[in-house]
Amino acid sequence: MFPPISPDDLATLIDEAAFAARRLHRKLMLPAADLDDLRQDLLVDLICRLPGFDARRGSIGAFANIVLRNQSSRIAIRHHRQRRMQGGTVLSLDAPVSGATEPLGCLLAETDGLAAWYGQDRSATDDADTIHDLARVLGGLPEEARGLCVALGTCAVAEIVERSGTSRSALYRHIARLRLDLAMRGIGAEWDGSKAA
């Protein structure tokens, strides 16, 4: 059961939630359309936690501040995790694409593929060509270079250093030689900058 709340306390909760939402919205660099949803999510969580409020331990404003800060941290962690899974980009049809003022949803046609909806500029044909080119080039590399490519595709540099016993500087020299070898075989800067890299 909720403790009795005065209209002033309710106004404090709403104001604190709005302030926390604006701060989190700014830190996460979310589209403007997400601010209201964020405020509502924070306010709902705050209201659900009101049974834990004890007026003897502090003011309702202090309670709200702690609850909102904790929930904001959980939202930020979840947001950053989703961003990492999406390649570091925000997947929102309301967000403008880089270099444009209109949101992504206004720029897409019904005939655009699924990749376009996720802000990717590569088609299935481009991806198939890249896979074919990589297979051809990797097949022509020496065994040591192929092993390094496989390791770089599945492990972090620190893990490769730990497993192989190679120093970090030596590993970076091998990577530099590998980049040069790949560039000489036609896989160069354009491939490195693509989402397939």
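Colleague: Why are helix α7 and helix α9 called roughly perpendicular to each other?

Modeller: In this predicted model, where local features need pLDDT of at least 70, side-chain atom pairs count only at pLDDT 80 or more, and totals for chains, interfaces and linings use all residues, α7 (residues 143–154) and α9 (residues 168–184) pack at an angle of about 110°, with their axes 11 Å apart. Angles from 65 to 115 degrees count as roughly perpendicular, and α7 and α9 therefore receive that name. Residues are numbered from 1 along each chain as its sequence is written, and side-chain values use heavy atoms, with hydrogens and water left out.

Colleague: What makes the contact of α7 with α9, and how do its residues divide into nonpolar, polar and charged?

Modeller: Glu 144, Ala 145, Leu 148, Cys 149 and Leu 152 in α7 meet Leu 171, His 174, Ile 175 and Leu 178 in α9, where contact means heavy atoms within 4.5 Å. Seven of these residues are nonpolar, one is polar and one is charged.

Colleague: Why is α1 called oblique to α2?

Modeller: The axes of α1 (residues 7–28) and α2 (residues 34–48) come within 8 Å and cross at roughly 130°. Angles under 35 degrees count as roughly parallel and those over 145 as roughly antiparallel, while whatever is left outside the perpendicular range is oblique, which makes α1 oblique to α2. The crossing of α1 past α2 is right-handed, and the residues of their contact comprise twelve nonpolar, one polar and three charged.

Colleague: How do you know that Met 29 is exposed, and what is its phi?

Modeller: Met 29 has a relative accessible area of 63%, and exposed means over 50%, so Met 29 meets the cut-off. Met 29 lies in the loop between α1 and α2, and its phi is near 55°, a positive value in a residue other than glycine. Most residues other than glycine have a negative phi.

Colleague: What makes a set of residues a nonpolar core, and which residues have the most contacts inside the largest one?

Modeller: A nonpolar core joins buried (under 20% relative accessible area) Ala, Val, Leu, Ile, Met, Phe, Trp, Tyr and Cys residues through side-chain atoms within 4.5 Å. The largest has 20 residues, and those with the most contacts inside it are Leu 46 and Leu 68. To this core α1, α2 and α3 (60–85) each supply at least two residues, and α3 gives the most, with seven. Leu 46 touches Leu 13, Phe 63, Ala 64, Val 67 and Leu 68, not counting residues up to four places away in sequence. Apart from this core lies another, of 15 residues, among them Leu 141, Ala 151, Cys 155 and Val 161.

Methods
Axes are lines fitted to C-alpha atoms, for helices over the stretch in contact, and angles run from 0 to 180 degrees between N-to-C directions. Helices (H or I, at least four residues) and strands (E, at least two) are DSSP runs, numbered from the N terminus. A crossing is left-handed if the near helix is turned anticlockwise from the far one by less than a right angle, and right-handed if clockwise. Ala, Val, Leu, Ile, Met, Phe, Trp, Tyr, Cys and Pro count as nonpolar, Asp, Glu, Lys and Arg as charged, and the others, Gly among them, as polar. Buried means under 20% relative accessible area, exposed over 50%, partly exposed in between (1.4 Å probe, protein chains only).
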